[in-house]
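Work through the exercises below with the model open. Each task is followed by its solution.

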Amino acid sequence: MDTLPSGLSSVAPFPLPESPRAPPTVAGGASAGFLLRFRRIYILPTRQGMGFAAAVSVMLLGAINYGNALGYVLSFMLVGASLVSMLHAVRNLAGLRVAHDDPAPVFAGDMARFVLRVDNRGQRQRFGLLARLATGQSRDREHDPVVHFGLAADSVERVELPAIASRRGWYSPGHVVIATRFPFGLFRAWSRIHMRLRCLVYPRPTGEQAPPEYQPEDAGEQGTRGKGEEEFSGLRDYQQGDSARRVHWKAVARDQGVPVKVFSGAASGVTVLRWQDVTGGNTEARLSQLCRWVLDSHAQSLRYGLCLPGVDIPAGSGEAHRRRCLEALALYEDASDR
Amino acid sequence: MRANPETRHWTLTPERTLWITGCLALVVAPHAARIPAWVLVSFAVLAGWRVANAIRGVPLPSKWLVIVLSATMLTAVYASYGTLFGRNAGVALLAVLAGMKLMESRRLRDAYVLSALGYFLVITNFLYSQSILTGVTMLAVVLIMTATLIAFSTQSGELAPRARLRMAAGMLIQATPIMLVLFFLFPRLPGPLWGLPRDAHSAVSGLSESMSPGRISRLSLSDAVAFRVTFQSKAPSPSQLYWRGPVLWHTDGREWRGGQPARSWRAQYAELHGEPVDYTVTIEPHQQFWLFALDVPTTIPLGAQMTQDFQLRTPKPVRARRRYEMRSYTQARLSRASLEEQAAALALPPGMHPKARALAAEWREQLQDDDLIVARALEYFGRQPFVYTLTPPLLKNDPVDEFLFDTRSGFCESYASSFAVLMRAAGIPARIVTGYQGGELNPLGDYLIVRQRDAHAWTEVWLDDRGWVRVDPTGAVSPDRIQLGMDAAIPPVMGPAGLDLPSAGPLWETWRRWRHGIDAVKSGWNEWVLGYGPRRQHELLALFGMDAGDLRGLSLSLLAVVGGMLGILALWLARRQQAPADPIARIYRRFCAKLGRAGVTRRASEGPLDFAARVVATRPQLREPVESITGMYVALRYAGGNLPMGRLKRAVRAFRPR
C-alpha cells in the first residue's frame, strides 16, 4: 500500500495495513531478522536469585522476630527491587532484532563461525547481553559457545559464535539463545530463536595416497585454459575476488600489504580425481582423501575433475570450481548409508 | 555440578572487588564501637589484603591458610561471647565471615554470598539503632550495594560507576511503592517468633523500681524521650502534669524500693472530681514492667493491670514502642488504705535518721493536726536555705539527716525521701511516687514530649479525712520546677553539640525551635515507621474495611496490589522513551518524520537502506536527496565514517519531499 501515490494515501478510505510482522522463523541466507517480542521472552530466577531470596527470607524472619521496623523496610525494599529487576531484565531484551549471515564453509574439525547481527533500534542502551549457541547435546552444554556483548542505543552488533564442525555435510548447531542477567543477576531472561543456522562442512582433508597421474592436455578434455593460472611468476596487490590461497601470507605477516601470487601458464593438462582411485578405507576416509587431492590440485593450479558415484564434475580450475568440488564431497551421500 | 556456560567466564574483576569490599567496609564501620577491636582489625586487614590483591596483585592466602584462619577466628568469636548467636556475637561473626570470604572469592557464586553478607550486616545495624539517621545512612549503603549487583551483571566498562549508581537509584525508587505496600499490608505478627537472644535489648536508662540518692538526678542529664502525649481534651496546666510511675513503700534508710504491702492486690478506690482528661500516650520501650499515666488514671490499657496504689503494670517488659489511650482525673482523691498499708507506710529502718525523728517528734508535740504537720514540714523546706540542684554534695552515712541538717542541697529524690521520713517519724503514713513531672509542648506536632530529664519523685501522705494526698516537697523549694518545668528550674546542661548556650538568649530559642521541628519528624517516624505493628495495622486496615485477622484475604489483596503495581510499572517502562542521545540518530529521525508527513512511513522492521530503496521505488523524483542523505547517515552511523555531521544536518534541513 505504500506504493500508492502520496496524494492518495492520505485520503485512503480505509486504514493502511500495519507493517508486516517479522516471522518467528527465518530461513537461511542473510535474514531480515527475528524480533524479540515480550511474549517470546522467558524469565526465571538464577541460582544466585534463589540464594538471594533465601537470604531475604531469613532477613524478614529476623525482622519479624525482633519486631524491627527498618528490618521490614529493608527486606521489602529488596523484594521490591528484585521484582522490578525482573521487568528490567525482560525490557533489556525486548525489541532486539536478531539476524544471521550464513557462515563460510569449513573443513570438518574446524571452527564454524556463525555470525549473528543483533540490532538495537531503540534509543535505549542494552547491557550484559549474551548470545549462546545451544547445541542441544546435554553433555556438551557446558561447551556451548557463548559470547557476551552490549549494545549502544540504535546500533548493530556483529556477534560471532564459533562451533566445532565435527562432521561433513550441513551442520546445524541447534538454536540461538539470547539471554541477559541484567540488572542484578537475580533473574535470567532469555529467548530462544529458531533460526535455520547451518554451515556447510567439507570433509577433513586427510590421506597420504598419491594423486592419480596427471594427464597431458591432448587427452582431449574440453575447457579452456585460463591465462596465468599455473606457474608462479610474481606478486601484485590484492584485488577483490582473489583466492585467499594465493595471498602471500608471509608478506602479510611482515606487514607488507596484501600481495597476491600471480602465476603464468606453462604446464597444461587434466587430472580426474576418481572415487575408484582411492584404495581402501570407508566412505569418509575416501572422501577425506579426495578432499586432500582437490586442495592439492587447486594449490598447484592444476585443471582437475571429480568423479564420484553419481556425481561427475568435469575438469576445471579456479575458486568456483574448487568450491563446486568440495560441496560435492561435503554433500555426497553413500548409497549404502541410506 | 556442571559449569554453566553462561557464567563460566565470570570473574571478580578488580573493579568488582573494590566495590564489594567497599560495601562490606561501609556496613561493618558503624559496628566499630560494638565489636571487639580484634574483630575490627581482622576485618580491616583482610579487606585491605583483598584490595591490595585487586590493585597490586598481592597474592591471596592459600586455601589451607584460609581454613585455618577461619577456624581460629570462629573460635575467638566463641571465646569472646560464649556463643555464636545473639546480636553482638552475630555481628562479630558476620564481620569475620565477610573478611574470610573476601579471601577466597573468585566466582559469581562467591560474589553473591558476599552481597548477602553485606545486606545481613545492614540489617544488624538496625538492631542497634532505628533512628532516621541510621535509616538514611543505610539507604545510601544499600544504594551502593545495589550498584554493585549491577556491576556484577554487566560487562566491565559497559556502565560508568556514576551511571550504575543512578540506575540503582532508579530501581530503588521504582521498588519503593512495592516496599510501602508490603510494609503496611504484610501481615504483622505480635511478639517474637522464637526466644530473643538475651542481648536483644540493651539497658535503656529510665526510671527503675528503686530510688537512692543520685538515681534520678543522673536521668536528668538525658534528653532521651520517655513518652509523647497527645491530648484529646484540654491539656491540664503544667503544675498538674504528674505522670505516675512506680510507687515506693519500703526504705532501708538509703534506698527506697517498690513492692506492694501484703494483701494489697485489691480494687483501687478513687473519688473522681473535676473534668476528665483524655489523651494518648506513645511510650518508648524502657524494658520495665510499667506504663505511665497522668495522676490519677481511671482506665486500664489492654494487657495491663492497675495496682491498688494506681500503678499501671504490664506482665511483660515494654520492649516495643506502644500507644495506649487513657483517661485520668487530676482532681481525684484516693481514699482508702487498709491497716496493713498504713503500717507499711509508717515503717522506718530502726536506728536511722535520729535527727529527723527528733524534729518530727518535736512537731508532733506542738501540733495535733496532721495537716498542720505537713504544712510545717513544707514551711521548713521553704524557710531553711535549701537548694535545688542536680549536683548535690555526697551524702555518706545517713542521707536523710545529712541532707536535712547539713548539706541542704539536693534533687527531688532527696526532698521526697526526707519528707517521707519526716512524715513517717511524725506518725503520718507516707509513700514515694516516682514518675515524670511536666513535659514540653511541641507546637509543631501539637503534642507533649516527656523526656528523661523530666523524671521526678514526690510523696503521698495519708490524711484521715482526705485519703492519700500528693505533697511535692520540691515545689516548696523550687516552685519553678513544678510550674514551669525542668528547664526553668535547672537550665538544660547542653545545647546542640554540647555548646553551652545562654538559656534565655535568642540562640537558645532557635535551638529550641529546631529541636521541636526535629522531634515532630521523629514522632511521625516513630508513629508510622517504628511503631507500626499489629495494632496500628489493624486500625489502618479497618479504615479500608479489611480485617487484619483474615490472613487469606490479606495475602490475596497483597498479591493483587503488588501485581497491579508491577503491571503499571511494566507499562510505564515499555512506553518510556528516553530522549535520543545520539545527534546523528536524531537528524535521521527528523528525515524520516519529513518523509512520513509526505506519506512514506518507515516501518519498524526496515533498515535505512531498505527504507531508502522503498522511497525511491515509490517516489523516483526523490532519488537524489534520499540516497545522498541515507548514504551519509549510514556512513556516519555504521561505517564510523568521519564525514562532518553538519552536512547531513543541512541536507535534512533542506529536504522537502512533496
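This is a predicted model: local features need pLDDT of at least 70, side-chain atom pairs count only at pLDDT 80 or more, and totals for chains, interfaces and linings use all residues. Residues are numbered from 1 along each chain as its sequence is written, while chains are lettered from A and ligands numbered from 1 in the order in which they are written.

**Exercise 1.** Find the strands that pair with β6(A).

Solution.
- Locate strand β6 of chain A at residues 126–134. Strands (E, at least two residues) and helices (H or I, at least four) are DSSP runs, numbered from the N terminus.
- Take β7(A), residues 146–151: it pairs with β6(A) in the antiparallel sense over five bridges. Pairing requires at least two DSSP bridges between two strands. A:L129 has A:F149 as its bridge partner.
- Take β10(A), residues 175–180: six bridges join it to β6(A), also antiparallel. Here A:L133 is matched with A:V176.

**Exercise 2.** Compare the span of α3(A) with its expected value, then assess its burial.

Solution.
- α3(A) covers residues 69–93, 25 in number. The expected span is 1.5 Å times one less than the number of residues, here 36 Å.
- First to last C-alpha, the helix reaches 37 Å, close to that value.
- Apply the burial test: buried means 20 or more other C-beta atoms within 10 Å of the residue's own, exposed means 12 or fewer, partly exposed lies in between, with C-beta atoms placed from the backbone.
- 24 of the 25 residues pass as buried, so α3(A) is largely enclosed by the rest of the structure.
- Just after the helix, A:G95 has a positive phi of about 90 degrees.
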